[in-house]
Amino acid sequence: MGAMTPDDVIPLHLADVTYPASHPLAGQDGPVLAFAIRHPDGIVLVDTGIGEGNEWIEANYRPRSRDVREALGGAKLDPDSVRAIVNSHLHFDHCGQNRAFPGVPIHVQQAELDLALREGHTIVEWVDFPNARYEAVEGDREIVDGVSVLATPGHTPGHQSVTVRTGDGLVLIVGQAAEDARSFATGPADPSIQRLRELNADRIHFSHDRAVLRRRK
Ligand SMILES: [Zn+2]
Ligand SMILES: [Zn+2]
């Protein structure tokens, strides 16, 4: 079995949104990323972008979305080889197309599942669908060999980040534990960001910033 390399963590640019007046970034456009991990046993997909057909989201965020299965195909990855999904958290822009993968285990922190039905946390019909298979995680866990989730509460109580151990260093998918690369690198650090910084990862990805941090070797 060949070891993974950092290039086996593939960003998928699944949407752009325009932030609404209620948001700190009001009026600005921002990207929504997901990540495909090309694992020898199949793809692990981290987040699934924004779903379709919700009027409130359409009106407030004006999403320009891409179908996640098409995005995988565009990256020369077979959508049918997705063997596991991780949701960093259940906000609408991270779990919106979970329903494109019925029966595939979806790893989410229990603390986040506890919030899923609460008013305003997410779009329930994007989370809950026929043959949805949620696997509750409490704390840190290795999902498949070399791919682990780390509980990084803060942005939401059940937020989690993902690490990928490769033959050429550690790749970290921060998710939305930090809003962008700059704040991760130099901004104030809550305990979750502190913990992620201490990993000293060789390559670092973010949900809402296309910038990638690379450690000089
Ligand atoms: Zn969020
Ligand atoms: Zn988000």
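H89 is buried, with a relative accessible area of 0%. The model described here is a predicted one. H89 is one of the protein donors of the zinc ion (ligand 1), to which it contributes NE2. The other donor atoms come from H91 (ND1), H155 (NE2) and Q176 (OE1), and the donors lie 2.1 to 2.5 Å from the metal. Along the sequence these residues follow the spacing H-x1-H-x63-H-x20-Q. The angles subtended by the four donor atoms run from 88 to 171 degrees, so the arrangement is irregular; a tetrahedral site would need all angles between 85 and 135 degrees. Q176 also bridges to a second metal, the zinc ion (ligand 2), and the two zinc ions lie 3.4 Å apart.

The next element is strand β3, residues 42-46. Five of its five residues are buried, which means that the rest of the structure largely encloses the strand. Strand β3 has pairing partners in β2 and β5. With β2 (residues 29-39) it pairs in the antiparallel sense over five bridges, and a hairpin of two residues joins β2 to β3. Within this pairing, R38 has I43 of β3 as its bridge partner. With β5 (residues 82-86), β3 runs parallel and is joined by four bridges. Here V46 stands opposite V86 of β5.

A last residue to consider is R203, in strand β12 (residues 203-205). R203 counts as buried because its relative accessibility is 14%, and the cut-off for buried is under 20%. Its side chain makes a polar contact of 2.8 Å with the side chain of D7. Leaving aside residues up to four places away in sequence, R203 touches several others, including P6, L170, V171, L172 and V212.

How values were computed:
Residues are numbered from 1 along each chain as its sequence is written. Chains are lettered from A and ligands numbered from 1 in the order in which they are written. This is a predicted model: local features need pLDDT of at least 70, side-chain atom pairs count only at pLDDT 80 or more; totals for chains, interfaces and linings use all residues. Side-chain values use heavy atoms; hydrogens and water are left out. Donors are N, O and S atoms within 2.8 Å of the metal (3.2 Å for Na, K and Ca); water is not among the atoms, so sites may look incomplete. Four donors count as tetrahedral if all angles lie between 85 and 135 degrees; four count as square planar and six as octahedral if opposite donors are over 155 degrees apart and all others between 65 and 115; anything else is irregular. Buried means under 20% relative accessible area, exposed over 50%, partly exposed in between (1.4 Å probe, protein chains only). A polar contact is a pair of N or O atoms within 3.5 Å; within protein, one must be able to donate a hydrogen and the other to accept it, and residues adjacent in sequence count only if both atoms are side-chain atoms. Contact means heavy atoms within 4.5 Å. Two strands pair if DSSP finds at least two bridges between them.
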